Amino acid sequence: MRRSLLPAVLLILAAAGPAAAQQLDLGNIAGDLEGQTVGSIIQLFGLLTVLSLAPGIMIMVTSFTRFIIVFSILRSGLGLPSTPANLILISLSLFMTFYVMTPTFDRAWNDGVQPLVANEIDEEEAFGLISEPFREFMVANVRDRDFDLFADLARERGQEDVSVQDADFRILIPAFMISEIRRGFEIGFLIVLPFLVIDLIVATITMSMGMMMLPPVVVSLPFKILFFVLIDGWNLLVGSLVRSFA
């Protein structure tokens, strides 16, 4: 019985040796791939990375910051902490951002993305062509004082002097974001001021009438909403915000 099993065991071991060697020989896997296939894998990985960072990029280099700040201040000025809902404000800000940034997006797509997909240019050249429209948009809307602040900070850290036209994104993007936040608060102040006047008038009337138990905000809320509707506030606000971009 044992003698009959011995040839079978030797045959199995002899067949398993070459199979194991083939399974463990992984050194030629990368070499078998063509250069174009490896390049496609790298492009796909880069695309997935950009898509994962898309929300942050949208906030940093587009007009989204100004829209969302102004809409949030408007809601607070009306005295409606949850109306319109956050989803509505963010959606409106996104669509208005796409409306304002459409020429920039079109240039980036036509000049950089399409040639890259068609393998007409490499990744480095495509990055420059895609980022150039966004650079021009930020340069047109950044405040000189904010840019000078970050340029001075970069100079203090040993970097060379740069102008706003050829500045590095590490300097241009934070300067642009600060400029957008400042302009958002400026517009928000002009929006809240009429509502503050209504609150003061209503508070003065209710106090003079001795209505101590009724909060003035409750009385002034319908008047503020009526005032905003009568002047067609959403139309004026959105139109002014779109025209405020260079």
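These legends go with a set of close-up views of a predicted model.

**View 1. The whole chain, an all-helix affair with 11 helices and 0 strands.** Start here to get your bearings before zooming in. Reading from the N terminus, the elements go α-α-α-α-α-α-α-α-α-α-α. The protein has 246 residues, and 29% of them count as buried. As for how the chain comes back on itself, take the contacts between residues at least 6 apart in sequence: 75% of those join residues at least 24 apart.

**View 2. Helix H5 packed against helix H11.** H5 covers residues 64-78 and H11 covers residues 233-243. Their axes sit 11 Å apart, at an angle of about 155 degrees. With angles over 145 degrees counting as roughly antiparallel, that makes H5 roughly antiparallel to H11. The crossing of H5 past H11 is right-handed. On the H5 side, look for Arg 66, Phe 67, Val 70, Phe 71 and Leu 74; they meet Trp 234, Leu 237, Val 238, Leu 241 and Val 242 in H11. Sorted by class, this H5 and H11 contact comes out at 9 nonpolar, no polar and 1 charged residues.

**View 3. Helix H8 against helix H9, with Gln 159 in the loop between them.** Here H8 (residues 144-156) and H9 (residues 169-208) cross at roughly 145 degrees, and their axes come within 8 Å. H8 passes H9 in a right-handed crossing. H8 puts in Asp 146, Phe 147, Phe 150, Ala 151 and Ala 154, while H9 brings Ile 171, Leu 172, Pro 174, Ala 175, Ile 178 and Ser 179. The class tally for H8 with H9 is 9 nonpolar, 1 polar and 1 charged residues. Now swing over to Gln 159 in the loop between H8 and H9. Gln 159 is partly exposed, at 37% relative accessible area. Setting aside neighbours within four places in sequence, Gln 159 touches Ala 154 and Ile 171. Those two residues also turn up in the helix contact, Ala 154 from H8 and Ile 171 from H9.

**View 4. Phe 105 and Phe 134, a tilted ring pair.** The model has 10 aromatic pairs. In this one, the ring centres of Phe 105 and Phe 134 are 5.8 Å apart and the planes stand at 55 degrees, so the pair counts as tilted. Phe 105 belongs to helix H6 (residues 86-117) and Phe 134 to helix H7 (residues 123-141), so the pair ties together parts 29 residues apart in sequence. Phe 105 is partly exposed, with a relative accessible area of 24%, whereas Phe 134 is buried, at 14%.

**View 5. An aromatic cluster held together by ring pairs.** The members are Phe 67, Phe 71, Phe 137, Phe 176, Phe 195, Phe 227, Phe 228, Trp 234 and Phe 245. Some of them should look familiar from View 2: Phe 67 and Phe 71 of H5 and Trp 234 of H11 are part of that helix contact too.

**View 6. Two backbone spots in loops, Pro 84 and Asp 232.** Pro 84 sits in the loop between H5 and H6. The peptide bond joining Thr 83 and Pro 84 is cis, with omega about -5 degrees. Asp 232 is in the loop between helix H10 (216-230) and H11. Although Asp 232 is not a glycine, its phi is positive, about 55 degrees. Asp 232 is partly exposed, with a relative accessible area of 43%.

Notes. Residues are numbered from 1 along each chain as its sequence is written. This is a predicted model: local features need pLDDT of at least 70, side-chain atom pairs count only at pLDDT 80 or more; totals for chains, interfaces and linings use all residues. Side-chain values use heavy atoms; hydrogens and water are left out. Axes are lines fitted to C-alpha atoms, for helices over the stretch in contact, and angles run from 0 to 180 degrees between N-to-C directions. Helices (H or I, at least four residues) and strands (E, at least two) are DSSP runs, numbered from the N terminus. Angles under 35 degrees count as roughly parallel, over 145 as roughly antiparallel, 65 to 115 as roughly perpendicular and the rest as oblique. A crossing is left-handed if the near helix is turned anticlockwise from the far one by less than a right angle, and right-handed if clockwise. Contact means heavy atoms within 4.5 Å. Ala, Val, Leu, Ile, Met, Phe, Trp, Tyr, Cys and Pro count as nonpolar, Asp, Glu, Lys and Arg as charged, and the others, Gly among them, as polar. Rings of Phe, Tyr and Trp (its six-membered ring) pair if their centres lie within 6.5 Å; planes under 30 degrees apart count as stacked, over 60 as edge-to-face and the rest as tilted. Buried means under 20% relative accessible area, exposed over 50%, partly exposed in between (1.4 Å probe, protein chains only).
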